[in-house]
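Here is a friendly briefing to read alongside the structure. Keep the viewer open and take the topics one at a time.

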Amino acid sequence: AKAEETIKVGVLHSLSGTMAISETTLKDVMLMLVEEQNKKGGLLGKKLEAVVVDPASNWPLFAEKARELISQHKVSAVFGAWTSVSRKSVLPVFKELNNILFYPVQYEGEESERNVFYTGAAPNQQAIPAVDYLAKEEKVERWVLAGTDYVYPRTTNKILEAYLKSKGVKAEDIMISYTPFGHSDWQTIVADIKKFGSAGKKTAVVSTINGDANVPFYKELANQGVKATDIPVVAFSVGEEELAGIDTKPLVGHLAAWNYFQSVDTPENKAFIEKWKAYTKNPKRVSNDPMEAHVIGFNMWVKAVEKAGTTDPDKVIDAIVGIKVPNLTGGVSEMLPNHHITKPVLIGEIRADGQFDTVWQTDDLVAGDAWSKHLEGSKDLVADWQTLKCGNYNTVTKKCGS
Amino acid sequence: MIVLRKFLRAFLLLLGMASAALAGPYEEALPRFTSDSYADTDAAIGAVAASGNPLAVDVIEALRDGRLLVGSGQVFIRRASGDLINAATGQAWGNPAGELKPVRLNNRVRRAIEAALGSLTLLNPDAAKRLEAARAVFRSRDEAALPALEKAIAQESHVPVRNALETARAAILLSKQDAPPTQKLTAVQTLRDRSDQEALALLSNLPAHAPPEVVAAAGKAADGIRARLAFWQAFQNVWYGISLGSVLLLAAIGLAITFGTMSVINMAHGEMVMLGAYTTFMVQELIRSYFPGLFGASLLIALPLAFLVAGSVGVLLERTVIRFLYGRPLETLLATWGISLILQQGVRTIFGPTNREVGTPAWMSGALDVGAMSLTYNRIAIVVFAFSVFAILLLVLRYTSLGLYVRAVTQNRRMAGSMGIRTSRVDALAFGLGSGVAGIAGVALSQIDNVSPNLGQGYIIDSFMVVVFGGVGNLWGTLVGAMTLGIANKLLEPYAGAVLGKIALLIAIIVFIQRRPRGLFALKGRVVEA
Amino acid sequence: MLAVENLSLHYGAAQALRGVSVGAAVGEVTCVLGRNGVGKTSLLRAIAGHRPISGGSILFEGQSIVRLKPFERAARGIAYVPQGREIFPLLSVKENLETGFAPLKRGPRQIPEEVFELFPVLKSMLGRRGGDLSGGQQQQLAIGRALVMRPRLLVLDEPTEGIQPSIIKDIGRAISYLRGRKDMAILLVEQYFDFARDLADRFVVMERGEIVQHGDRAALEGNDVRQRLAI
Amino acid sequence: MTAPVTPTLLYLENVTVSFDGFRALNALSLVIDHAEMRAIIGPNGAGKTTMMDVITGKTQPNEGTALFEGTHDLTALDETAIAELGIGRKFQTPTVFEMHTVEDNLLLALKNKRGPLATLFSRQANQERERIDALLERVRLTAQRHRRAGELSHGQKQWLEIGMLLAQEPKLLLIDEPAAGMTDQETADTADLLRDIAKSKAVIVVEHDMTFVRDLGVKVTCLHEGSVLAEGSLDAVSANERVVEVYLGR
Amino acid sequence: MRTQYLFDRQTVLVLSILAAAAILVPAMNGLVPPGSALHLSDHLVPLLGKYVCLALLALSVDLIWGFCGILSLGHGAFFALGGYAMGMYLMRQIGPRGAYADPILPDFMVFLNWKELPWFWHGFDWFPFAALMVLLVPGALALVFGWFAFRSRVTGVYFSIITQAMTFALMLAFFRNDMGLGGNNGLTDFKEVLGFPVQAGSTRVVLFVLSVLVLAGGYLLCRWVVGSTFGKVLVAVRDAESRTRFLGYRVEHYKLAVFTLSAMLAGVAGALYVPQVGIINPSEFAPANSIEVVIWVAVGGRGTLAGAILGALLVNAGKTWFTAALPEFWLFALGGLFVFVTLFMPRGILGAAGDLWERSSRRLRTRRSPQPFTQAAE
Ligand SMILES: Nc1ncnc2c1ncn2[C@@H]1O[C@H](COP(=O)(O)OP(=O)(O)OP(=O)(O)O)[C@@H](O)[C@H]1O
Ligand SMILES: Nc1ncnc2c1ncn2[C@@H]1O[C@H](COP(=O)(O)OP(=O)(O)OP(=O)(O)O)[C@@H](O)[C@H]1O
Ligand SMILES: NC(N)=O
Ligand SMILES: [Mg+2]
Ligand SMILES: [Mg+2]
């Protein structure tokens with residue numbers, strides 16, 4: 001086929017380096033989605049073509065590869081990035097070259113860009129409901145906020161701290177602990193958590209520990225016998241994929257908050273998992289939340305392109321707001337004017353088989369907030385790309401940006 | 001015995017059927033399991049446990065194990081054999097009508113189960129079960145369990161269980177509003193003797209209604225416990241340090257050979273560790289599918305295999321690449337860096353980019369309590385293992401001619417050849433040995449870290465740091481270096497936090513090297529000073 | 001025993017040996033003489049296998065050893081005492097000596113007494129690191145180490161360099177003793193003319209990578225050779 | 001500068017060096033005058049090289065005094081400072097800059113300003129080139145001028161190192177076994193050279209070659225086990241029974 | 001080492017190639033119409049600019065490693081510090097255009113509730129000050145670090161490892177949000193440099209040309225340094241450090257001087273890099289990055305200067321190409337390249353080319369040419 005006959009879609013996920021562990025699977029899901037769409041006849045009568053590159057967990061390389069995808073391969077949209085820094089790194093490129101990025105991972109919020117669609121959770125779609133659940137259902141009064149030392153945990157914990165304090169939690173009942181990336185010796189911290197948790201009040205750990213550090217963390221929890229019934233840990237970055245590397249029997253009952261679990265029992269999800277396993281030819285392959293985010297993002301993009309009748313980014317950006325597509329948990333997610341989407345929030349407990357048991361779920365879908373209401377600097381900001389055409393409109397000064 | 005129990009059970013069943021018609025609290029509670037609400041389940045557990053119904057334990061155990069099923073408004077227990085019995089009547093239930101679903105659990109329900117089973121199994125014939133039960137009651141502080149506790153204490157003869165029962169009683173009495181102050185004072189005494197974190201928590205969080213004399217006694221006891229815990233904390237930190245040091249030692253010791261002795265700047269060392277970890281994974285996979293009974297021995301089986309796998313890869317590398325680079329240590333850096341990229345990506349291609357699960361055998365789970373310190377078995381195993389590997393390696397290098405030849409070859413390759421030393425074989429063997437040792441380190445590290453293609457990278461810098469800090473070319477230096485860094489790290493961490501602690505340690509290394517520019521165990525003499 | 005024929009050797013493009021032929025027989029000392037930089041060391045390096053040759057042949061006990069690695073040559077019985085000693089600096093004196101066991105079978109793996117008789121100082125310094133020894137002590141160690149191998153051909157490159165006079169005499173006596181045992185051939189490079197003259201059964205003189213003169217002991221007595229070695 | 005404590009150039013007193021209990025130098029005392037040449041002999045391991053190590057700052061003595069020009073305490077200075085004072089050294093095993101050409105080896109040794117800025121901005125003057133030419137001629141390495149020092153034979157390296165020592169123009173030359181690996185003729189030639197130098201500079205030579213020492217015709221000190229065993233003319237020293245016993249042999 | 005003759009030829013060659021790049025790249029990008037085969041597409045300009053900056057970094061490493069034997073495994077730190085200095089300037093230039101529209105505080109400070117600019121941010125809004133810091137910060141760190149290390153005679157792997165510890169410690173420190181430098185995300189979202197929009201094609205071209213000129217200047221500077229007597233002392237230190245001392249050279253001063261110079265070059269490279277890639281964050285301090293730089297130098301040919309440039313360009317271009325052409329297998333290709341170069345080009349690509357050159361030219365001038373020397377394996 002000649003180049004003009006296909007519509008290209010960029011896939012910008014690390015296939016090597018530290019982030020490959022999480023991102024490779026997102027590349028696979030994108031390939032599957034593209035293949036499936038082509039089976040359905042493609043888009044606007046053309047075939048889709050996925051262009052895969054490897055930014056190798058190297059942040060400047062992300063920017064370089066994004067530029068290459070857009071300028072050289074002329075992709076119509078890019079699905080990619082995982083860490084916030086990789087997103088920050090590519091942002092200017094998308095703005096400059098006016099293209100579209102679908103970002104599928106839960107993140108710290110505080111951002112809304114015209115060229116980016118955030119299909120993962122904002123803090124209000126993950127962190128806050130999780131804390132509410134623990135406070136209500138587990139009667140937690142003392143909180144350990146443990147995270148990897150980078151911006152997502154820092155911001156999330158800032159938000160949570162402000163939120164908890166607003167709910168009357170005292171400062172001495174909050175312990176905050178940061179660890180470096182890839183931290184692997186958790187003996188001291190787990191012991192500290194145990195100590196903190198044995199002060200008589202019900203204690204829980206809110207973990208924003210990222211990636212590689214989780215396995216040794218959970219292994220240490222199991223070793224030191226921290227059971228979910230004593231000190232539950234609720235994690236925001238641990239999904240089915242991460243658990244696949246751990247013996248979860250000692251971890252049963254620890255929690256995670258996401259917008260999707262593989263175990264969700266809906267026909268949409270069932271069908272998706274079947275396709276996924278068939279596509280990867282691996283009956284044990286798991287699915288997870290960022291994958292669902294890509295599914296939603298991709299379907300929204302397809303619909304928007306169809307609606308606009310073109311893949312021209314400007315038109316698609318305008319067309320996509322308000323688009324609704326079914327998510328895999330039985331609801332219908334909508335792209336909001338702030339370029340975040342509506343999602344259900346699910347709290348799951350780890351099961352012995354490495355899956356999650358949904359123990360709580362919001363009744364309705366929650367709309368993602370680009371700007372946190374709990375932070376000093378951002379509580380007056382709103383994003384609206386539809387009417388205000390602004391990502392950071394200040395409701396007090398009534399101005400966009402400045 | 002068994003016959004007797006069967007008989008008893010049958011009898012009780014009959015009794016249960018008889019009482020079914022009466023529709024007591026048990027029967028009333030059961031339907032609450034069907035509502036799919038954790039609050040209802042929680043309440044039902046309490047009611048069932050309090051009912052005194054002989055099926056109560058069965059029901060709650062089934063619930064715990066996910067064998068309590070509900071369907072069309074009724075509750076069933078699935079026995080291990082697969083048979084279903086009706087929880088209400090205890091009768092066998094052949095063909096369930098409609099679909100059955102297990103009652104769902106969450107932590108709240110699990111806690112309720114634990115508490116209920118605790119008071120119900122205080123008289124279990126198995127001492128371990130009783131101990132477990134006593135601890136459960138201690139945690140739940142369920143006043144309702146008090147009579148059962150008293151009864152259990154009266155007939156308990158096993159000392160640890162008795163102690164546990166007494167602390168459980170003390171815990172309940174302390175929080176019980178109407179307990180007489182004398183009882184409370186005794187409770188304080190009991191808890192002071194127990195003298196651990198949990199006792200401290202109880203003593204320092206007395207309920208508001210506690211009488212003043214109890215508050216005073218508890219305050220004093222709490223201070224005593226605090227002092228004791230602080231004292232032990234130092235040892236605990238040192239232990240953490242030793243165990244971190246052992247991990248560093250394991251990771252570095254192979255490098256002490258390939259780098260320290262052979263002067264190959266082996267950037268692929270971490271990947272050898274990774275190969276060892278993946279070998280462990282493979283071994284466990286095979287065992288899981290074909291010989292599940294051997295799981296407890298899986299690590300022991302993996303050890304020699306990991307040595308062989310990583311060792312052979314090492315020999316292969318040496319023969320095909322490294323051997324052309326002797327005398328050009330900086331080029332070994334370049335080539336082994338390339339090799340490490342290839343190995344990483346190779347493993348990623350074969351095993352996928354995600355973590356692989358390596359399980360912990362039962363004998364490595366749990367912890368040993370020494371004073372107020374808790375030593376987890378898997379860390380103990382790793383410490384012992386690291387020191388053994390070190391000792392064996394030391395013996396090999398000291399008491400076999402291989403050790404001598406390796407050193408001779410690295411110091412002067414041509415001359416070693418002229419002395420009749422088969423330089424190529426020595427090189428291959430030594431590199432194989434270093435890699436093999438890295439491989440067995442991988443077996444140990446698979447127990448505490450990710451088994452992923454990135455495993456090795458996490459250790460390579462630390463390993464070089466240890467070898468160099470200890471003094472290149474000295475195995476003892478590696479040992480002392482690993483332990484020093486491990487302990488220093490763990491002593492710093494409580495004060496500085498993990499990030500600043502690590503920074504402080506790195507700066508300390510930099511400063512230390514100024515004082516001892518050739519590491520801790522520096523080589524001295526004319527040669528090195530020249 | 002040893003027959004070197006028409007040997008040439010290059011360092012890069014520079015030719016250090018041009019068609020050198022020399023032999024060594026059991027029970028004899030063959031001496032190589034020549035000024036600085038004429039190629040004496042290069043010749044020995046070729047024999048020990050430290051440098052590849054670019055032409056000619058080296059036969060040891062009738063077989064070509066050109067393709068053999070240094071350790072294989074050592075296993076055949078060639079021991080080399082290089083110029084500059086090349087002891088293993090971080091090994092102790094004892095360990096340095098023990099490296100000589102490598103080509104031996106288990107049985108004879110002990111240090112022959114004659115080593116310590118010849119160089120008593122080594123015995124008192126067994127535990128010291130080779131690199132810490134004085135220059136002369138290192139030279140003694142290098143010779144002792146070669147003897148541990150029970151060689152059939154002993155190749156010595158200026159063994160008297162840096163050694164005190166009394167021990168030079170001892171070494172001279174040792175060489176004649178070894179010659180007298182009639183179980184090895186000795187190839188000796190020496191600048192110290194009197195020493196060479198006392199020991200040599202036969203000699204060659206080199207100049208610019210070539211043999212310019214050879215003969216037996218008698219021929220050394222004249223002033224002819226001395227003249228050649230002068231500038 | 002304070003007034004010299006002693007009028008001598010080099011003054012060693014009671015110098016002791018021990019390595020893990022082994023005394024390489026044992027209360028050694030030695031005095032060298034301006035423009036004096038001294039030959040040092042002594043058994044292998046007597047401490048001759050160690051003595052030079054002490055003088056040049058490579059080894060710190062455990063005890064004792066080492067003064068240069070009466071005022072400079074050598075034990076308190078490092079190698080560079082001592083070299084700057086004007087003490088040059090030739091090592092027992094020749095040490096030259098193997099990757100540099102013969103010419104550059106000499107250039108680096110030439111008596112010039114040694115600071116980074118000075119060398120960064122220095123231009124090679126004609127004068128220097130002539131000096132190098134002369135030195136090359138003297139050590140007979142003119143033909144090897146552009147070769148890398150690492151390619152030289154053992155004896156050639158010895159000569160190069162002597163050339164570097166000359167280029168430094170030090171006040172005191174320490175020369176460890178210059179004749180090792182040289183032919184008899186060259187040995188004699190070296191002796192000539194040294195005698196020539198000693199007219200204006202102080203020289204300490206260590207040698208085992210008695211013919212060479214005789215050629216020098218200077219006062220001889222015999223060390224043994226780290227201290228002076230005998231001192232005097234060569235004939236006197238060689239007549240000493242102990243010297244014969246431990247050193248010369250019968 | 002190289003003869004005077006070759007030396008000049010190399011310099012001329014390098015300078016002409018760089019000059020050609022400085023002229024051709026803007027021309028092919030701006031003047032040649034997009035359809036043409038000769039057109040250089042917009043996205044390649046910053047990419048090439050990035051390569052050029054990395055080449056300057058490699059050059060700085062070659063200066064100390066190739067000529068003075070100082071193997072720094074932490075040179076990425078100096079590069080990153082230069083980059084941060086520039087990044088701070090660029091950050092201040094954003095002014096009220098940030099998401100929170102704070103005229104002074106950068107976004108990351110606003111949302112983490114910082115109230116005022118930390119002291120070390122002051123002055124960075126003024127370009128000359130920032131430019132000075134680009135040189136001074138890496139230079140001062142190198143001076144202090146080197147002063148201690150060289151004075152204590154820390155050499156060889158010991159030095160390498162403490163430089164690695166240095167960059168590792170800096171990485172952890174910069175990761176901390178409390179450092180006030182943007183934590184893991186670093187500094188990004190730049191708007192303009194010296195009043196020119198960083199995203200504009202013309203700014204890009206100018207930055208590229210500037211980088212090339214700086215690289216050429218850096219190359220000349222290094223050439224001059226290593227060609228001087230100072231350079232010969234460096235080589236002497238590399239090959240026989242203690243012997244150099246006995247000749248009366250203050251080895252530590254030499255090392256310190258060249259180390260500091262090299263760190264400043266690396267800092268400049270970092271400063272030019274940041275506006276072209278649009279982000280600077282702590283991963284630039286990652287030890288692996290510094291190791292990689294050493295590898296570029298080794299691939300190109302250690303101790304040849306031009307080789308460092310060549311190696312950096314080649315490996316990075318290879319990376320760009322492989323990561324797109326073989327996204328799943330590129331590490332095999334890159335790893336294989338490293339192994340291949342070490343095995344078959346022991347002195348790097350330029351070394352191998354030099355050997356070839358010498359061999360062929362010797363045939364012409366057999367007698368006079370310097371003899372090649374393959375260092376015998378020890
Ligand atoms: N590694 C080398 N590379 C290049 N040329 C060399 C090398 N070693 C020796 N040569 C050259 O080869 C020639 C012969 O050197 P060789 O060492 O064999 O001399 P020699 O006779 O042993 O001299 P000496 O008496 O000084 O030890 C000399 O010109 C020397 O410069
Ligand atoms: N670092 C050291 N550790 C242990 N012993 C040492 C060390 N340095 C020197 N020695 C010992 O000190 C003694 C003196 O050595 P030195 O090199 O000074 O002797 P020398 O007089 O120069 O001998 P030669 O004539 O053989 O060169 C020797 O026995 C040597 O083994
Ligand atoms: N956005 C995250 N999880 O980095
Ligand atoms: Mg020679
Ligand atoms: Mg000596």
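What follows is a tour of the chain interfaces and two helix pairs in this assembly.

The model is predicted. Among the 8 pairs of chains in contact, chains A and B share the most contacts, so-called pride of place goes to that pair below.

**Chain A with chain B**

- On one side of this interface are 52 residues of chain A, and they are in contact with 46 residues of chain B.
- Together, chain A and chain B bury about 3,900 Å² between them, with 42% of it on carbon and sulfur atoms.
- Three residues are worth finding in your viewer: Gln187(A), Asn223(A) and Thr229(A) supply 15% of the area that chain A buries against chain B, more than any other three residues.
- Charged pairing is present here, with a count of 7 salt bridges between chain A and chain B.
- In one salt bridge, the side chain of Arg111(B) meets that of Glu138(A), at 3.0 Å from N to O.
- Polar contacts join 18 residue pairs between chain A and chain B, counting pairs with both residues at pLDDT 80 or more.
- Both helices and strands of chain A give two or more residues to the side that touches chain B: helices H1 (20-39), H4 (127-137), H6 (187-197), H7 (214-223) and H8 (240-243), along with strands S7 (174-179) and S15 (356-361).
- By class, the residues on the side of chain A that touches chain B divide into 18 nonpolar, 17 polar and 17 charged.

**Chain C with chain D**

- This contact takes 30 residues from chain C and 27 residues from chain D.
- Between them, chain C and chain D bury about 2,200 Å², and 50% of that area is on carbon and sulfur atoms.
- How many salt bridges does the rule find across the interface of chain C and chain D? The number is 0.
- Polar contacts are found across the interface of chain C and chain D, in 13 residue pairs with both members at pLDDT 80 or more.
- Helices H6 (135-148), H7 (165-181) and H10 (224-229) of chain C each supply at least two residues of the side that touches chain D.
- H7(C) gives the most to that side of chain C, with 5 residues.
- The side of chain C that touches chain D is made up of 9 nonpolar, 13 polar and 8 charged residues.

**Chains without a contact**

- Chain A and chain C are joined by no contact, and their closest C-alpha atoms lie 37 Å apart.
- No contact joins chain A and chain D either, with their closest C-alpha atoms 38 Å apart.

**Two helix pairs**

- Two packed helices are described by the angle between their axes and the distance between the axes.
- Within chain E, helix H2 (residues 44-68) packs with helix H10 (residues 251-277) at an angle of about 170 degrees, and their axes are 9 Å apart.
- H2(E) and H10(E) are therefore roughly antiparallel to each other.
- The contact of H2(E) with H10(E) has 19 nonpolar, 4 polar and 2 charged residues.
- Between chains, helix H3 (residues 102-109) of chain D packs with helix H8 (residues 229-239) of chain E at about 105 degrees, with the axes 10 Å apart.
- That angle makes H3(D) roughly perpendicular to H8(E).
- Asp104(D), Leu107(D) and Leu108(D) in H3(D) meet Thr229(E), Lys232(E), Val233(E) and Ala236(E) in H8(E).
- By class, the contact of H3(D) with H8(E) divides into 4 nonpolar, 1 polar and 2 charged residues.

Notes
Residues numbered from 1 in each chain as written. Chains lettered and ligands numbered in written order. Predicted model: local features only at pLDDT ≥ 70, side-chain atom pairs only at ≥ 80, totals over all residues. Heavy atoms only, no water. Contact = heavy atoms within 4.5 Å. Buried area = accessible area lost by both parts, 1.4 Å probe. Salt bridge = Lys/Arg side-chain N within 4 Å of Asp/Glu carboxyl O. Polar contact = N/O pair within 3.5 Å; in protein donor to acceptor, adjacent residues only side chain to side chain. Helix = DSSP H or I, 4+ residues; strand = E, 2+ residues; numbered from the N terminus. Nonpolar A, V, L, I, M, F, W, Y, C, P; charged D, E, K, R; others polar. Axes fitted to C-alpha atoms, helices over the stretch in contact; angles between N-to-C directions. Parallel < 35°, antiparallel > 145°, perpendicular 65-115°, else oblique.
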